[in-house]
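Thank you all for making time this afternoon. Please take a look at the sequence and the structure as they come up on the screen, and then I will walk you through a few places in them.

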Amino acid sequence: MASRADTDEARAPEGRAPAARAEGAPTARAGTEEAHITAARTGRALTSSALHAAATGAGTFPAVLREALSRRGLSLERVSERLKARGITISRATLSSWQRGRSQPERARSLRAVEVLEEILELPAGTLRSLLGPRRPRGRTAPPGTEGAALQILGEDSVVEKALGARFRHFNQETGSLTVHDIVRVGESGTLSGISTTTVLRAGRAGADRAVFVLSFDDEAAEPVDIRVTCGRLAEATYLKRLNSLVLEIHFGRALAKLDTTVVSYAVEVSPSRTPATHYERWSRTNLHAYLQQVFFHPGALPVDCHRYVREKVGAPPRAQRRVPLGAAHDVHVLTSRCKPGVHGVAWGYGAGTAGTGGRPG
């Protein structure tokens with residue numbers, strides 16, 4: 001199994017880069033049979049309302065807000081007064097639009113109001129914020145070529161596009177990756193055991209506060225069993241079994257000013273699969289300052305050959321192949337400076353008779 005990751009997102013076997021959709025609800029929901037939710041050990045677990053929304057699609061920001069207002073018995077006028085007492089001016093009309101779904105909080109002041117609303121309505125921190133999506137498009141919100149660049153690398157009707165649905169079009173348009181570091185671990189049986197990624201992101205506009213990542217797995221037997229976010233806060237973790245893809249939405253913990261940078265780090269442990277992994281790929285739609293790939297092998301499953309390669313797009317023949325040596329830590333690494341758009345991978349072999357699969361973050 002191999003893994004690919006997008007410069008802005010990351011994915012494991014057979015996946016593409018994820019995107020955020022306007023409504024903010026998790027993508028491609030097909031019920032609990034298809035969407036398996038994993039709460040990560042992040043210090044702040046996913047709220048029950050967010051998990052329910054991810055699994056069933058029933059929870060949205062307007063619905064949860066209306067329910068909380070009803071439960072507390074507070075009028076919109078009273079809520080507006082309490083917000084004003086905290087130094088935040090949000091009109092009754094605006095609150096009404098939020099609960100009806102006609103508009104959503106987007107500006108920094110509005111997002112701060114949502115955090116205070118959670119306190120006023122006695123909701124766990126992050127309950128409402130976790131249900132918000134990226135800014136809704138107004139006119140030409142996406143930079144020229146944003147969607148086209150992804151389609152050029154991924155092709156039409158890709159796994160990532162299916163996993164993200166409407167979110168794909170505006171996927172992570174508010175941020176761009178500067179550097180990415182992927183660590184892939186291969187177990188004693190030669191199958192993928194885990195992937196961890198650290199990404200430095202830069203905001204293209206003020207207010208960016210989250211990013212979405214998709215990891216896809218080639219082997220149907222390989223599924224995420226644990227997710228840990230060490231930089232950022234996990235708001236969504238949805239496994240789409242029919243696509244063998246994991247969608248992660250990670251919040252930065254603050255709204256970024258334009259050109260601000262932030263670091264996102266996460267790790268995914270994978271259940272044992274049937275077929276040995278033989279490659280890992282990451283796709284990028286933009287230039288990266290640097291991309292570092294590392295693959296660590298179990299001492300009992302060392303490859304006989306490793307090489308790096310580049311593809312112009314997913315599915316294209318590999319080019320620029322070059323052997324890479326196995327290090328003292330039973331690892332191989334590839335460091336690419338000024339990493340150009342395309343698919344960047346590492347492949348390895350165990351000798352004659354070994355058939356394998358791969359993984360890709362997107």
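Before I point at anything, I should give you one definition, which is that a residue is called buried when its relative accessible area is under 20%, exposed when that area is over 50%, and partly exposed in between. Please also keep in mind throughout that this is a predicted model.

Let me apply that definition to His 330, which sits in the loop between β12 (319-323) and β13 (331-339). His 330 counts as partly exposed, because its relative accessibility is 28%. The backbone here deserves attention too, since His 330 has a positive phi of about 60° although it is not a glycine.

Now compare that with Asn 244, which lies in the loop between β6 (233-240) and β7 (245-251). Asn 244 likewise has a positive phi without being a glycine, with a value near 50°. Is Asn 244 buried or exposed? With a relative accessibility of 12%, Asn 244 counts as buried.

Next I would like to turn to the charged side chains. In general, side chains of opposite charge can pair when their charged atoms come close. A salt bridge is counted here when a side-chain nitrogen of Lys or Arg is within 4 Å of a carboxyl oxygen of Asp or Glu, and by this rule the count comes to 17 salt bridges.

One of them joins the side chains of Arg 112 and Glu 115, with an N to O distance of 3.3 Å. Both residues belong to helix α5 (residues 108-120), where they are three residues apart, about one turn of the helix. Arg 112 is partly exposed at 41% relative accessibility, and Glu 115 is partly exposed as well, at 30%. This pair also takes part in a network of salt bridges, which links Arg 112, Glu 115, Arg 129, Asp 209, Arg 210 and Glu 249.

A second example is the salt bridge between Glu 269 and Arg 228, in which the closest N and O atoms are 2.8 Å apart. Because Glu 269 lies in strand β8 (residues 261-270) and Arg 228 in strand β5 (residues 224-231), this pair ties together parts that are 41 residues apart in sequence. Glu 269 is partly exposed at 33% relative accessibility, while Arg 228 is partly exposed at 26%.

There is also a salt bridge between the side chains of Arg 254 and Asp 260, at 3.4 Å from N to O. Arg 254 counts as partly exposed at 42% relative accessibility, and Asp 260 counts as partly exposed at 26%.

Finally, let us look at how some of the helices pack. Helix α2 (residues 61-72) and helix α4 (residues 92-100) pack at an angle of about 115°, and their axes are 6 Å apart. On the α2 side the contact is made by Phe 61, Pro 62, Leu 65, Arg 66 and Leu 69, and on the α4 side by Trp 98, Gln 99 and Arg 100. Sorted by character, the residues of this contact of α2 with α4 are five nonpolar, one polar and two charged.

Helix α3 (residues 76-85) also packs against α4, at an angle of about 115° and with the axes 9 Å apart, and the crossing of α3 and α4 is right-handed. Here Leu 76, Glu 77, Val 79, Ser 80 and Leu 83 in α3 meet Arg 92, Leu 95, Ser 96 and Gln 99 in α4. The residues of this contact of α3 with α4 are four nonpolar, three polar and two charged.

Conventions:
Residues numbered from 1 in each chain as written. Predicted model: local features only at pLDDT ≥ 70, side-chain atom pairs only at ≥ 80, totals over all residues. Heavy atoms only, no water. Axes fitted to C-alpha atoms, helices over the stretch in contact; angles between N-to-C directions. Helix = DSSP H or I, 4+ residues; strand = E, 2+ residues; numbered from the N terminus. Contact = heavy atoms within 4.5 Å. Nonpolar A, V, L, I, M, F, W, Y, C, P; charged D, E, K, R; others polar. Buried < 20%, exposed > 50% of the residue type's maximum accessible area, 1.4 Å probe, protein only. Left-handed = near helix turned anticlockwise from the far one by under 90°.
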